[in-house]
Amino acid sequence: MTKSIESSAMAPARRPFSRLLRHGDEVDFSKSLPEAYRTLNVWQASDGARPWFRRMLGFAGPGFLVAVGYMDPGNWGTDLAGGSQFGYVLLWVILASNLMAMLLQVLCARLGIVTGRDLAQSCRELYSRPTTIALWLLCEIAIIACDLAELIGAAVALNLLLGIPLIWGVLITGLDVLLLLMLVKVGFRWLEAIVIALVTTIGVCFAYNIFLAQPDWGAAASGAFIPSMPATAALLISLGILGATVMPHNLYLHSSIVQTRNYGRSRDELKSAIGHNTVDTIVALGAAFFVNAAILVLAASVFWSAGIQVNELQQAHQLLAPALGGAAATLFAVALLCSGQSSTITGTLAGQIVMEGFLKIRIAPWLRRLITRMIAIVPALLIISATGGRDTVQLLVMSQVVLSMQLPFAIFPLMTMTSSKRLMGEFANPLIVKILGYGVCGLISALNVYLLWKTIGPLWVGVIASLMVAFAAWVRFGYRPPPQPVEHPVA
């Protein structure tokens with residue numbers, strides 16, 4: 001099939017379109033993110049004379065590219081809503097979600113390192129064509145929901161800082177990310193450096209605001225370690241926090257970008273790569289936890305203590321100025337801009353990885369990125385035009401609930417693959433990891449079903465479940481894959 005496509009692309013009648021395919025024809029679909037695949041040399045276990053810290057620096061970076069998705073504007077929406085409505089009591093949800101995220105992201109890194117395939121490629125190779133298409137569509141829905149939050153957050157930040165209208169802010173955010181992604185051609189390290197700089201800026205801004213807010217640390221500690229669910233409305237926000245923390249597209253992203261490192265394939269070298277990436281992931285997501293917790297703590301100490309429920313990002317910015325001073329409000333907007341910008345960079349990369357991995361599309365890299373950007377920009381423009389930019393926090397919360405709904409369709413395949421000895425060999429999940437991983441999958445699925453039951457009623461839940469069962473039965477017993485074309489040798 002691939003050869004026939006390439007032959008038709010070379011025909012004179014299709015020469016104009018072949019210009020778009022020319023770079024794509026060079027793509028090796030066995031390589032994830034081929035323009036950056038194994039472009040960074042790293043210290044390995046065989047370089048025992050080199051200090052561990054020096055070896056660690058070679059692997060550090062992918063975890064922080066993933067971590068920006070855990071502090072994106074979607075997290076701001078859920079954390080501001082949770083802190084302003086319920087104070088400190090939902091901090092335990094952030095902590096639990098972050099621990100789940102660490103487990104799943106470590107497994108993603110392990111899958112990419114051991115198999116040399118990202119999660120999307122592995123799904124395409126393991127499952128039937130209809131299942132692959134269904135998983136791709138669900139992942140695209142998750143990416144749209146996530147990008148919607150990121151674009152709106154960055155647009156709001158530009159509006160707060162520079163007075164730029166929201167629609168123009170969405171367009172600016174969507175276009176400048178394409179310029180930043182050109183750094184992949186210069187070197188993946190430059191892209192990682194820019195993202196880490198943006199993440200550091202976010203951390204500094206919130207550290208200053210928390211210092212000014214003087215929160216109740218005793219109540220914060222109690223909220224972090226004593227689980228409670230004060231009201232039914234808190235469940236919606238909790239699921240939003242979960243969806244904003246454990247993001248489906250981040251799983252695909254992480255399994256790909258760990259392969260930008262050029263490590264060996266021996267047992268010791270794979271073990272070393274897994275260990276270093278595990279440290280990178282835990283440190284980066286630990287930093288993301290403190291940013292998320294800081295947003296909720298800031299909302300609880302400034303807004304909840306004053307009896308104010310925050311419904312818009314603009315409202316939070318306006319209320320911070322009289323409470324903590326103009327500098328605090330400005331730093332809030334700067335951090336929001338850095339959050340939206342950094343997360344749109346990684347979101348665009350994830351869109352490219354998902355499209356290439358699931359669909360095996362051969363188009364030029366710039367066109368792939370333009371398509372993934374347009375998939376997000378168009379819905380964001382439509383929603384901002386329809387709402388006028390109002391109720392941004394509620395919109396962000398709902399977008400993160402959509403992400404939570406998509407999670408089971410990414411984490412169950414991840415657990416299946418990383419538990420397979422045929423795929424992973426000796427690096428397959430041990431029993432304790434299987435118990436924890438499938439326990440997380442079951443918990444997330446059960447919470448999503450409960451939320452659907454409460455919001456749309458048992459009838460529609462039954463309809464959705466019936467459609468899913470019917471689709472699974474058709475794939476298992478009714479679907480017949482098309483015959484593979486016979487390839488003739490080329491003279």
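Modeller: A residue is buried under 20% relative accessible area, exposed over 50% and partly exposed in between, using a 1.4 Å probe and protein chains only. This is a predicted model, in which local features need pLDDT of at least 70 and side-chain atom pairs count only at pLDDT 80 or more, while totals for chains, interfaces and linings use all residues. Residues are numbered from 1 along each chain as its sequence is written, and side-chain values use heavy atoms, with hydrogens and water left out.

Colleague: What percentage of the residues in the protein is buried?

Modeller: The protein has 22 helices and two strands, these being DSSP runs numbered from the N terminus (helices: H or I, at least four residues; strands: E, at least two). Of its 491 residues, the buried part is 54%.

Colleague: Among contacts between residues at least 6 apart in sequence, what share joins residues at least 24 apart?

Modeller: A contact means heavy atoms within 4.5 Å. With pairs at least 6 apart in sequence taken as the base, those at least 24 apart account for 84%.

Colleague: How many residues of helix 14 are buried?

Modeller: Helix 14 spans residues 248-257 and is mostly covered. Its buried residues include the polar-named His249, Asn250 and His254 as well as Leu251 and Ile257. The count is ten of ten.

Colleague: Is Asn277 buried or exposed?

Modeller: Asn277 is found in helix 15, residues 267-302. Beyond neighbours within four places in sequence, Asn277 is in contact with Phe59, Pro62, Ala109, Ile113 and Val258. Its relative accessible area is 2%, so Asn277 is buried.

Colleague: How many disulfides are there?

Modeller: A disulfide is a pair of cysteine sulfur atoms within 2.5 Å. For Cys123, the closest cysteine sulfur is in Cys139 at 9.0 Å, too far for a bond. Cys123 is buried at 1% relative accessibility, and the count is zero.

Colleague: Which residue meets Arg261 in a salt bridge?

Modeller: A salt bridge puts a side-chain nitrogen of Lys or Arg within 4 Å of a carboxyl oxygen of Asp or Glu. For Arg261 the N to O distance is 2.7 Å, and the partner is Glu192. The pair links distant parts of the chain, with Arg261 in strand 2 (residues 261-262) and its partner 69 residues apart, in helix 11. Arg261 is buried at 1% relative accessibility, and the residue asked for is Glu192.

Colleague: Which residue shares a salt bridge of 3.1 Å with Glu192?

Modeller: Glu192 is buried at 1% relative accessibility. The partner lies in helix 11 (residues 188-213) as Glu192 does, three residues apart, about one turn of the helix. Residues three or four places apart in an α-helix point the same way, because there are 3.6 residues a turn. The partner at 3.1 Å is Arg189.

Colleague: How many residues apart in sequence are the parts tied together by Arg267 and Glu426?

Modeller: Arg267 forms a salt bridge with Glu426, the closest N and O atoms being 2.8 Å apart. Arg267 lies in helix 15 and Glu426 in the loop between helix 21 (421-424) and helix 22, so the bridged parts are apart by 159 residues.

Colleague: Which residues do salt bridges that share partners join into one network?

Modeller: The structure holds five salt bridges. Those that share partners make one network of Arg189, Glu192 and Arg261.

Colleague: What is the angle between the planes of Tyr88 and Trp304?

Modeller: Rings of Phe, Tyr and Trp (its six-membered ring) pair if their centres lie within 6.5 Å, with planes under 30 degrees apart stacked, over 60 edge-to-face and the rest tilted. The count is four aromatic pairs. Tyr88 and Trp304 are 6.3 Å centre to centre and edge-to-face, with an angle between the planes of 80°.

Colleague: What is the area of the nonpolar surface patch that includes Leu467?

Modeller: Patches take residues with over 30% relative accessible area and no salt bridge, joining like charges within 9 Å and nonpolar side chains (Val, Leu, Ile, Met, Phe, Trp, Tyr) within 5 Å. Leu467 lies in helix 22, residues 431-478, and is exposed at 58% relative accessibility. Areas come from the Shrake-Rupley method with a 1.4 Å probe, and for residues only the protein chains shown count as cover. Ile456, Leu459, Trp460, Val463, Ile464, Leu467 and Met468 make a patch of about 680 Å².
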